[in-house]
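Please examine the sequence and the structure shown here together. The paragraphs that follow lead from one residue to its surroundings, and then to the chain as a whole.

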Amino acid sequence: MKLGKIGHVGIVVKDMEEAKARYSALTGIDTWYELVYDAPPEIYYKGERRLSDVRLLLGGKGHTAVELICSTGDDNIYTEFLRRHGEMIHHMEYNVKNLDEELRRAESLGLTVFQRASFVSAGTTVRYAYVGKSEDDALFELIEATLPMGIKKGDVPLELQLGALTGTYKKVK
């Protein structure tokens, strides 16, 4: 796999409001953006459909964002990670233009796909997957975003700010 720059570092948290305040104080991030779903994400953990509510906040300065993840409902990769490890860094995220191709490449390197999901946000179709040697090892999140008219997004500068304009993200404090 030859991936570009890290898009964000994902941190699984128990309490979103407490974590937002704590990470704001630690990192100096004063503006967070919440991902807006057109409908709940369709999540498959270890091949099984899961009904989970996943709240995501992103913030940051520079090129790499911090993502806070809080999940309720059916068990999934986040709830299992939180149960085993507590709050901590969960993954590194990379944007890809062809998720299926990258997953084949990851599997050819001996990595396993643990969770896949898809959702639509402000007309953009997002598909993602978590891959790694094990769920207790370094995990990589690969995200494919397809804009309306079939355009594959890849890396976009100022993504959070642009997303706030298009409705993919809503600005929160």
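In which helix is Ile77 found? Ile77 is found in helix α2, which comprises residues 77-85; helices (H or I, at least four residues) and strands (E, at least two) are DSSP runs, numbered from the N terminus. The model is a predicted one, in which local features need pLDDT of at least 70 and side-chain atom pairs count only at pLDDT 80 or more, while totals for chains, interfaces and linings use all residues. Residues are numbered from 1 along each chain as its sequence is written, and side-chain values use heavy atoms, with hydrogens and water left out.

Ile77 has a relative accessible area of 1% and is therefore buried. Here buried means under 20% relative accessible area, exposed over 50%, and partly exposed in between, with a 1.4 Å probe and protein chains only. Leaving aside neighbours within four places in sequence, Ile77 is in contact with Tyr45, His90, Phe114, Gln115, Tyr130, Glu135 and Leu139, where contact means heavy atoms within 4.5 Å. One of these partners, Tyr45, is 32 residues from Ile77 in sequence, yet the two C-alpha atoms are 6.6 Å apart in space.

Helix α2 contains further buried residues: besides Ile77, they are Tyr78, Thr79, Glu80 and Phe81. At the start of α2, a side-chain oxygen of Asn76 reaches to within 2.8 Å of the backbone nitrogen of Tyr78. This is a polar contact, that is, a pair of N or O atoms within 3.5 Å; within protein, one must be able to donate a hydrogen and the other to accept it, and residues adjacent in sequence count only if both atoms are side-chain atoms. After α2 comes Gly86, with a positive phi near 75 degrees.

A second residue to consider is Gln115. Gln115 belongs to strand β8, residues 112-121, and the side chain of Gln115 reaches the backbone nitrogen of Ile77 at 2.9 Å. Because the relative accessibility of Gln115 is 0%, this residue counts as buried. Not counting residues up to four places away in sequence, Gln115 touches Ile43, Tyr44, Tyr45, Asn76, Ile77, Tyr78, Tyr128, Ala129 and Tyr130.

Which strands pair with β8? Strand β3, residues 42-45, pairs with β8 in the antiparallel sense over four bridges, and strand β9, residues 124-132, pairs with β8 in the antiparallel sense over nine bridges. Two strands pair if DSSP finds at least two bridges between them. Within these pairings, Ile43 stands opposite Ala117 in β8, and Arg116 stands opposite Ala129 in β9.

The loops beside these strands deserve attention. The hairpin of β8 and β9 has two residues between the strands, and Ala122 there takes a positive phi near 50 degrees. Ala122 counts as partly exposed because its relative accessibility is 32%. Lys46, in the loop between β3 and β4 (48-50), also has a positive phi near 50 degrees and is a residue other than glycine. Lys46 counts as exposed, because its relative accessibility is 54%. For context, most residues other than glycine have a negative phi.

Elsewhere in the chain, strand β1 covers residues 8-12, and four of these five residues are buried, so β1 is largely enclosed by the rest of the structure. Five bridges join β1 to strand β6 (residues 65-73) in a parallel arrangement, with Ile69 in β6 as the bridge partner of Val12. Five bridges also join β1 to strand β7 (residues 88-95), here running antiparallel, and His8 has Glu93 in β7 as its bridge partner.

The whole chain may now be considered. The protein chain has four helices and 12 strands. Its radius of gyration is 15 Å, which agrees with the value near 16 Å for a compact globule of 173 residues; this radius is taken over C-alpha atoms, and the globule rule is 2.2 Å times the number of residues to the power 0.38. Along its principal axes the C-alpha trace spans about 40 × 40 × 30 Å. Of the 173 residues, 46% are buried. Among contacts with a separation of 6 or more, 63% join residues 24 or more positions apart.
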